[in-house]
Amino acid sequence: MSTTLPARSRQFDLIAFDWDGTLFDSTAIITRSIQLAVGDVGGKVPSDQEAAYVIGLGLMQALAHAAPDVPQERYPELGARYKYHYMVHQNDISLFQGVLSMLAELKSRQHWLAVATGKSRSGLNEALRAVELQGLFHSSRTADETAGKPHPLMLQELMQEFGLEPERVLMVGDTTHDLQMALNAGCPSVGVSYGAHEPAAFETLSPRFIAHSVPELHRWLLDNA
């Protein structure tokens, strides 16, 4: 791919978005799917807050954290049950209102757009097909092909792919895992409060901004990115 930037004045060349809870309105279904999966294998069902906390991590890392009393040999079954419950309800999930217009405008302003997600590659590809987003993103990284958050490898690989320094890459996410990954990679970040984690937990991770809605995020990016 060509990575020659047109002449322009931008603070960030690449904007990397988390998927679930940031662009895709999936927090409630993921939380419930984790709870049902843990119950299916006889573990102590996590609270809503405990289940939501692990959103953004790689699947098995998330399930192990949410179900510490489930023996490791049952993790494959736990993962299978999670996928079952998630697939049953996956068509109930949709993009947050305003996401498509935000992404289209950012792309028209010649930002590169990427996804950095705890989803699997197959899961992200399916989601992108379902909501017809194939033309908007220039690249993506998933936990199963790099390293789970908050390890910085996703962002490091994106920086290498586009030939960028950390200060030219902005990470946008709804969890402390996203913002910690950005911090670990040396990249600035923006948090969103409408996803899985309470925004009070973001402050120590030094986001540039905390958006409370997609329109607010859209405005901030147009004014500051």
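Start with the largest pocket, which holds about 760 Å³ of space. The model is predicted, and the values along this tour are computed from it.

**Stop 1: the pocket**

Select Tyr82, Tyr86, Lys119, Ser120 and Gly123, the residues nearest the centre of the largest pocket. The lining as a whole has 34 residues. Colour it by residue class and it divides into 17 nonpolar, eleven polar and six charged residues.

Which elements give two or more residues to this lining? They are α1, α3 (59-66), α4 (75-89) and α6 (121-130). Of the elements, α4 gives the most, six residues. Before reading the α3 side in detail, colour by pLDDT: α3 has the lowest confidence in the chain, with a mean of 82, while strand β1 (residues 14-17) has the highest, at 98. Over the chain the mean is 89, and 95% of residues reach 70 or more. Where pLDDT is low, predicted coordinates should not be read in detail.

**Stop 2: Ser120**

Stay in the pocket and centre on Ser120, in the loop between β4 and α6. Ser120 is partly exposed, at a relative accessible area of 28%. Leaving out residues up to four places away in sequence, Ser120 touches Thr142 and Asp144. Now pick Ala143: its C-alpha is 6.1 Å from that of Ser120, although 23 residues separate the two in sequence.

**Stop 3: the two cores**

Ala143 leads on to the packing, as one of the residues of a separate core of 18, along with Phe162, Ala185 and Cys187 among others. Set this second core aside and select the largest nonpolar core, which has 53 residues. Within the largest core, Phe17, Trp19, Leu103, Phe137, Leu217 and Leu221 touch the most other members. Helix α1 (residues 27-40) supplies the largest share of this core, five residues.

Take Leu103 as an example and show its surroundings. Beyond four places in sequence, Leu103 touches Phe17, Leu23, Leu113, Leu133, Leu136 and Phe137.

**Stop 4: Ala116**

Phe17 is also a route to Ala116, in strand β4. Is Ala116 buried or exposed? Ala116 is buried, because its relative accessible area is 0%, and the cut-off for buried is under 20%. Apart from neighbours within four places in sequence, Ala116 is in contact with Phe17, Asp18, Arg141, Lys149, Met154, Met171 and Met181. Measure from Ala116 to Leu155 if you want a long-range pair: the C-alpha atoms are 7.4 Å apart, with their positions 39 residues apart along the chain.

**Stop 5: a cis peptide bond**

From Ala116, step to its contact Lys149. The peptide bond from Lys149 to Pro150 is cis, and its omega is near 10°. Pro150 sits in the loop between β5 (139-142) and α7 (153-162).

**Stop 6: Asp174**

Asp18, another contact of Ala116, is also in contact with Asp174. Select Asp174 in the loop between β6 (169-173) and α8 (176-185). Asp174 is buried, with a relative accessible area of 0%. Its contacts beyond four places in sequence include Asp20, Gly21, Thr22, Thr27, Val192 and His197. To relate this site to the pocket, draw a line to Gly123: the C-alpha atoms of Asp174 and Gly123 are separated by 19 Å, and the two are 51 residues apart along the chain.

**Stop 7: Gln11**

Go next to the segment before β1, where Gln11 is found. Gln11 is partly exposed, at 35% relative accessible area. Outside four places in sequence, Gln11 is in contact with Glu167, Arg168, Arg208, Asn224 and Ala225. Leu170 is 159 residues from Gln11 in sequence, yet the C-alpha to C-alpha distance is 9.1 Å.

**Stop 8: two positive phi values**

Finish with two backbone checks. Which loop holds Gln110? Gln110 lies in the loop between α5 (99-108) and β4 (112-117). Its phi is near 70°, a positive value in a residue other than glycine, and Gln110 is partly exposed at 39%.

Ser206 is found in the loop between β7 (189-192) and β8 (210-211). Ser206 also has a positive phi, near 60°. With a relative accessible area of 53%, Ser206 is exposed.

Technical notes:
Residues are numbered from 1 along each chain as its sequence is written. This is a predicted model: local features need pLDDT of at least 70, side-chain atom pairs count only at pLDDT 80 or more; totals for chains, interfaces and linings use all residues. Side-chain values use heavy atoms; hydrogens and water are left out. A nonpolar core is a set of buried Ala, Val, Leu, Ile, Met, Phe, Trp, Tyr and Cys residues joined through side-chain atoms within 4.5 Å. Buried means under 20% relative accessible area, exposed over 50%, partly exposed in between (1.4 Å probe, protein chains only). Helices (H or I, at least four residues) and strands (E, at least two) are DSSP runs, numbered from the N terminus. Contact means heavy atoms within 4.5 Å. On a 1 Å grid over the protein atoms alone, a cavity is a set of points where a 1.4 Å probe fits but cannot get out, and a pocket is an open set with protein on both sides within 12 Å along at least five of seven lines; lining residues have an atom within 4 Å of a point. Grid points are joined across faces, edges and corners, and a volume is the space filled by probe spheres set on the points. Ala, Val, Leu, Ile, Met, Phe, Trp, Tyr, Cys and Pro count as nonpolar, Asp, Glu, Lys and Arg as charged, and the others, Gly among them, as polar. pLDDT is the predictor's confidence in each residue, from 0 to 100.
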